[in-house]
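Thank you all for coming; I would like to spend a few minutes on the empty spaces in this protein, beginning with what lines the main one. Please have the model open as I talk.

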Amino acid sequence: MFPTSDSSFLTNRSLHLWKKIGEGSFSKVYLAKFGDIENDKTTLIATKVINKNRVSTKFVEKFLPRELDVMIKLRHPFIVQATEVILNPWLYIGVSMVYSVFQNGYKIYINMEYAENGDMFTYLQKNKLTEEQIRVWLLQILWAFSYMHSVGVVHRDLKCENILLTGRYNLRIADFGFARFVDRGRNPGAYTVCGTMTYSAPELLYGKRPYNPVATDVWAIGVVLFIMANNVPPFRNSNKDNLHKKQVSCDYIMRSNKICN
């Protein structure tokens, strides 16, 4: 059962909620149909509904506007696309009615490309990748991040849950909630610690400030590569200090042998 306010608001904009496909602490993601619901050629999209009453003021004033700004400016085949922003239902900015962002009171609706095969984390729970598949997906990730970094964007929250799989099993980098623009110099500095601890670089865990967010993105790519090859992360510990010790002592195990240079 969908909240009446969400369903009725989106129906008036030719978006019909179908089913819930994900949920976080302050948002829900629905599969929606765009266009005539009786038409077999309707477009399937993913609609992320954010309740601003459930998030911090800092998130609403800083991170959410930054996420929207980043999403509409990035154009790449391996990055989730959102090409139109509508924060006022009567104000249209962009070229496409399919991918959009609406605001209705304290609710934000981000309408994005739908990835039919879910996320990489869920996929790897049941599947082991061949070396060829790992190579293909790694190249797609590197291509996406090379593009992002070249235009001055850092992600800061790369993890398998934020890598989506299309119907043809190509990748889409998603969730730009912690993304930001940086100077494109040799050492763009950042101070806010973001992301998931399992994917965090050592300098984030031991508190180095400022840190280089481009370098920490690259570290996270390495963790994703390890997980694609082994189905588990290289360093696992719920304690930050212990996790850091595992990193600096190279305490990880491959599928068959422990490797450390």
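The residues lining the largest pocket divide into 17 nonpolar, eight polar and 11 charged, where Ala, Val, Leu, Ile, Met, Phe, Trp, Tyr, Cys and Pro count as nonpolar, Asp, Glu, Lys and Arg as charged, and the others, Gly among them, as polar. I should say early that this is a predicted model, in which local features need pLDDT of at least 70 and side-chain atom pairs count only at pLDDT 80 or more, while totals for chains, interfaces and linings use all residues. Residues are numbered from 1 along each chain as its sequence is written, and side-chain values use heavy atoms, with hydrogens and water left out.

On a 1 Å grid over the protein atoms alone, a pocket is an open set of points with protein on both sides within 12 Å along at least five of seven lines, a cavity is a set where a 1.4 Å probe fits but cannot get out, and lining residues have an atom within 4 Å of a point. Grid points are joined across faces, edges and corners, and a volume is the space filled by probe spheres set on the points.

The largest pocket has a volume of about 930 Å³, and of its 36 lining residues the closest to the centre are Val29, Lys48, Glu161, Asn162 and Asp175.

As for enclosed space, a search of the whole structure finds one cavity of 30 Å³ or more; of the 14 residues that line the largest cavity, those closest to its centre are Arg156, Asp157, Cys194, Tyr199 and Leu204. The largest cavity has a volume of about 100 Å³, and its lining has seven nonpolar, four polar and three charged residues.
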